[in-house]
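Here are my notes on the model you sent over. I have kept them to numbered points so you can follow along with the structure open.

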Amino acid sequence: MLIPGLSMSWHAYQWFLEQHPDNRPILVIDPPGCGRSTRLPGAMDADAQGAHIAAWLSEQQLGPVDLVGHSLGAVTGARLSAQHPELVASLTMVSPSPDARWPRMRQHVSALVRGVPAEAPRVIAQAAFDYVRANPLVLADFGRQAGRPADEVMDGVRTPVLVVRGTADLVSSHKWCADLADAAGGELLAVPDGAHGLPQQMPAELVRIVTEFTQTP
């Protein structure tokens with residue numbers, strides 16, 4: 001199951017899907033308030049989104065699933081895994097955000113802007129398209145959870161965890177990703193020259209990493 005990042009739709013994974021072998025079913029979603037999904041009636045932070053997705057999985061009688069979350073979707077995946085471990089077989093956190101070193105929203109925006117030169121052009125085009133359509137409350141709740149420490153994000157997570165970060169990522173620092181991995185007894189993997197938008201920038205490499213991790217006993 002693939003969970004996109006802040007304000008993003010399933011289209012963030014379209015290049016990942018093109019590279020993925022047709023040997024297992026894949027679920028890719030528009031999170032609440034993004035793409036074609038309507039907003040939740042209350043909060044839309046990572047905990048609320050995780051609970052909503054878990055309820056849908058339970059209703060559809062799906063799971064346990066291998067979760068792959070990008071950016072905010074990685075944090076959503078962690079909270080889903082903590083709340084409903086019976087639904088999650090493994091968790092891959094790709095470029096997890098927000099990074100706790102920045103407690104203010106403008107700091108995250110600044111990092112995104114500074115990281116633009118390292119991103120593939122299709123990352124910028126696809127993100128701009130999704131941001132325009134997303135409910136602004138998704139962005140507001142992201143700002144309210146900025147500064148959340150790693151041990152709180154990973155509290156209750158007991159599934160196998162792999163944190164993946166590009167070495168050129170200015171949004172999710174090495175220390176932040178290492179702290180998340182350590183908090184859950186997981187692993188950290190660095191992708192050389194990778195920026196924040198790994199699913200769009202290096203889809204083939206990310207497919208290889210996820211496949212190897214989820215198929216390892």
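1. A word on naming before anything else: helices (H or I, at least four residues) and strands (E, at least two) are DSSP runs, and they are numbered from the N terminus. Please also keep in mind that this is a predicted model.

2. With that naming, have a look at the loop between α2 and β2, which is where Gln 61 sits. Gln 61 isn't a glycine, yet its phi is positive, at about 55°. For background, most residues other than glycine have a negative phi, and most peptide bonds are trans.

3. That loop between α2 and β2 also holds Pro 64. The peptide bond running from Gly 63 to Pro 64 is cis, with omega near 0°. So along this one connection you can look at both the positive phi of Gln 61 and the cis bond into Pro 64.

4. Another cis peptide bond goes from Ser 97 to Pro 98, this time with omega near 15°. You'll find Pro 98 in the loop between β3 (88–94) and α4. Hold on to Pro 98, as the name comes back under the cavities.

5. Now for helix packing. How do α2 and α3 lie relative to each other? Helix α2 covers residues 46–59 and helix α3 covers residues 72–83; they pack at an angle of about 60°, and their axes are 8 Å apart. Angles of 65 to 115 degrees would count as roughly perpendicular and those under 35 degrees as roughly parallel, so α2 and α3 come out as oblique to each other. Their crossing is right-handed.

6. Who makes that contact? From α2 it is Ala 46, Asp 47, Gln 49, Gly 50, Ala 51, Ile 53 and Ala 54, and from α3 it is Leu 72, Val 75, Thr 76, Arg 79, Leu 80 and Gln 83. By class, the contact of α2 with α3 has seven nonpolar, four polar and two charged residues.

7. On to the open spaces. The largest pocket has a volume of about 510 Å³. It is lined by 26 residues, and those closest to its centre are Met 8, Leu 112, Ala 127, Tyr 131 and His 196. The elements giving two or more residues to this lining are α4 (105–115), α5 (121–133) and α6 (136–144). Helix α4 supplies the largest share, seven residues. Sorted by class, the lining of the largest pocket has 16 nonpolar residues, nine polar ones and one charged.

8. The second largest pocket holds about 270 Å³ of space. Its lining has 16 residues, with Met 1, Arg 24, Pro 25, Ile 26 and Asp 66 closest to the centre. Here β2 (65–70) and α10 (203–214) are the elements that give two or more residues, and β2 has the largest share, with three. The lining of the second largest pocket splits into eleven nonpolar, three polar and two charged residues.

9. What about the enclosed spaces? There are two cavities of 30 Å³ or more. The largest cavity has about 40 Å³ of space. Its lining is made up of Ile 3, Pro 4, Gly 5, Leu 6, Ser 7, Pro 31, Cys 34, Gln 49, Leu 72, Gly 73, Thr 76 and Val 138. Helix α3 gives the most to this lining, with three residues. Seven of the lining residues are nonpolar and five are polar, with no charged ones. Some names should ring a bell: Gln 49, Leu 72 and Thr 76 line this cavity and also take part in the contact of α2 with α3.

10. The second largest cavity has about 30 Å³ of space. Lining it are Val 75, Pro 98, Gln 145, Arg 148, Val 153 and Trp 176. The class split for this lining is four nonpolar, one polar and one charged. Pro 98, then, is a lining residue here as well as the proline that follows the cis bond from Ser 97, while Val 75 ties this cavity to the α3 side of the helix contact.

Technical notes
Residues numbered from 1 in each chain as written. Predicted model: local features only at pLDDT ≥ 70, side-chain atom pairs only at ≥ 80, totals over all residues. Heavy atoms only, no water. 1 Å grid on protein atoms, 1.4 Å probe; cavity = no way out; pocket = protein on both sides within 12 Å on 5 of 7 lines; lining within 4 Å. Points joined across faces, edges and corners; volume = space filled by probe spheres on them. Nonpolar A, V, L, I, M, F, W, Y, C, P; charged D, E, K, R; others polar. Axes fitted to C-alpha atoms, helices over the stretch in contact; angles between N-to-C directions. Parallel < 35°, antiparallel > 145°, perpendicular 65-115°, else oblique. Left-handed = near helix turned anticlockwise from the far one by under 90°. Contact = heavy atoms within 4.5 Å.
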